[in-house]
Amino acid sequence: MKNRRNIILLIAVVLSALTYALASETFGSDQSWLGSLLTEDDEDVVVEDFLLEDSLWANESESGESAAADPLPVQLSPWSLESSVGGGLGYRENVLFGTESKQVDSSFQQIDFDAFAMRSFAEGRGDFATVFFGELRRYDSVPGLSSEHLMAMNTRIGMEFLSEYRGVLQIEAMHSKQAIDASVDDFETEALAVSVFRPGVELALERAFEGIGRFTLSTGYRKSQYSEDSEDFAARSYGLEWEKRLSDRSRLTLGWERYAEDYDRKRARRVGEAWEDAPLLELSGNRYELEWLWTNREGTLRRSRFTADYEKEQDRFGDYYARSKMRIRQGLEWQFGRWELDTGVSMDQLDYDKRATSSDPETLRSDDSWRWDVELSREIGEDWQAFVRHENSFKDSSDAIYEYDAASTYIGLNWNFLSK
């Protein structure tokens with residue numbers, strides 16, 4: 001397990017260093033704040049002990065965020081619009097992320113659609129931007145499951161005031177349905193479709209200092225509502241972010257966030273006490289983030305994005321849910337004439353402070369997850385694009401019931417029917 005982890009870390013470091021060696025022409029100024037339109041907070045849909053970071057949302061949110069962060073034209077008049085629809089066929093191994101003995105494979109059909117709109121107003125001192133993304137997937141042979149879906153929206157309004165400050169209002173919403181393995185024994189496989197609706201709002205205050213960078217103070221509120229209503233909770237957060245452009249091609253972002261989660265019905269699990277005797281679950285934590293983004297308009301390597309974050313979570317009424325989590329990801333985008341190649345590799349490590357494994361009370365639970373993905377696409381005419389996408393993910397755990405290997409291949413066409 002440790003050897004696998006070291007290999008992934010070595011690959012990420014090598015890929016990051018490679019971007020420096022391949023750097024060429026500059027790309028000019030870009031409006032980097034668009035990178036926050038699709039946040040990474042929704043990558044982890046958690047239901048009890050099931051961590052669904054390898055879900056449809058995890059993969060597509062990365063793609064959506066990369067698209068949102070691409071450089072935009074300096075002059076936008078009056079609207080900048082872009083939308084597309086696509087679809088195709090695929091095959092997924094281990095749809096339910098089950099153990100090897102309960103692996104379920106299936107072919108699937110998928111439809112994707114997205115839309116983006118942006119406009120400047122108030123003589124350039126304000127702007128409006130909105131992103132909408134959707135994904136529908138239908139499976140052919142998963143017991144108890146016909147389809148999964150994801151829909152996400154993010155709207156942002158920014159306005160400058162007092163010549164030095166910028167206020168931002170951000171409204172977001174996400175709805176998804178994903179299946180997990182709900183089998184009670186090793187003799188049968190049963191799928192449970194878990195849905196979640198997550199609306200949220202965030203207020204931010206930004207100010208840039210010449211030669212130092214831009215600072216952003218933010219506060220937000222989100223509500224997560226699950227099909228299993230005992231999992232519902234409200235989350236409040238506040239944070240500070242610093243962003244500095246290192247060169248015409250790259251920028252560095254550092255962030256800190258403090259959050260608290262209050263559950264409506266879920267009971268805290270105190271050590272040595274029954275669920276019924278415990279108060280409602282309350283969690284809090286700190287998250288630290290780093291992002292290094294490099295972009296180039298010419299040459300073979302067009303974009304590199306390295307992200308790392310560390311999270312420490314506390315359980316107010318005990319240690320059952322207390323944990324730490326680290327995530328590292330390196331993504332690269334290449335262009336060869338009319339061909340484009342997107343590659344990525346990531347590693348997640350999750351360690352519980354006190355929670356023991358199901359088989360050995362003396363062993364603490366610890367999970368290591370890896371994922372790599374690649375997408376090759378080619379333009380067909382002005383508005384069409386053919387693509388093939390493959391991903392592979394696997395998890396090692398000190399608790400064997402959480403281990404899995406999963407893979408998916410998807411091939412299709414995409415139509416950009418509105419772009420200006």
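In this predicted model, the side chains of Asp127 and Arg166 form a salt bridge, with N and O 2.5 Å apart. Asp127 belongs to strand 5 (residues 126–142) and Arg166 to strand 7 (residues 165–181), so this contact ties together parts that are 39 residues apart in sequence. Both partners, Asp127 and Arg166, are buried.

A second pair consists of Arg251 and Glu291, whose closest N and O atoms lie 3.8 Å apart. This salt bridge also links distant parts of the chain: Arg251 sits in strand 11 (residues 250–267) and Glu291 in strand 12 (residues 280–295), 40 residues apart. Arg251 is buried, as is Glu291.

A third pair joins Glu313 to Arg323, with 3.4 Å between the closest N and O atoms. Because Glu313 lies in strand 13 (residues 301–315) and Arg323 in strand 14 (residues 323–336), the pair ties together parts that are 10 residues apart in sequence. Glu313 and Arg323 are both buried.

The three pairs are set out below.

| Salt bridge | N to O distance | Strands |
|---|---|---|
| Asp127 and Arg166 | 2.5 Å | strand 5 and strand 7 |
| Arg251 and Glu291 | 3.8 Å | strand 11 and strand 12 |
| Glu313 and Arg323 | 3.4 Å | strand 13 and strand 14 |

With the criterion of a Lys or Arg side-chain nitrogen within 4 Å of an Asp or Glu carboxyl oxygen, the model has 27 salt bridges. Side chains of opposite charge can pair when their charged atoms come close. Some of these salt bridges share partners, and one network formed in this way holds Asp127, Arg156, Arg166, Glu206, Arg214, Glu243, Arg251, Glu291 and Arg305. Asp127 and Arg166 are thus members of one network with Arg251 and Glu291.

Strand 5, which carries Asp127, also takes part in strand pairing. Strand 4 and strand 5 run antiparallel and are joined by 14 bridges. Within this pairing, Gln110 stands opposite Arg137 of strand 5. The two strands, strand 4 and strand 5, make a hairpin with four residues between them. In the turn of that hairpin, Ala122 has a positive phi of about 55 degrees.

Strand 4 (residues 106–121) pairs with strand 3 (residues 79–93) as well, in the antiparallel sense and over 14 bridges. Here Leu89 stands opposite Gln109 of strand 4. Strand 4 is therefore paired with strand 3 and with strand 5.

Note on methods: Residues are numbered from 1 along each chain as its sequence is written. This is a predicted model: local features need pLDDT of at least 70, side-chain atom pairs count only at pLDDT 80 or more; totals for chains, interfaces and linings use all residues. Side-chain values use heavy atoms; hydrogens and water are left out. Buried means under 20% relative accessible area, exposed over 50%, partly exposed in between (1.4 Å probe, protein chains only).
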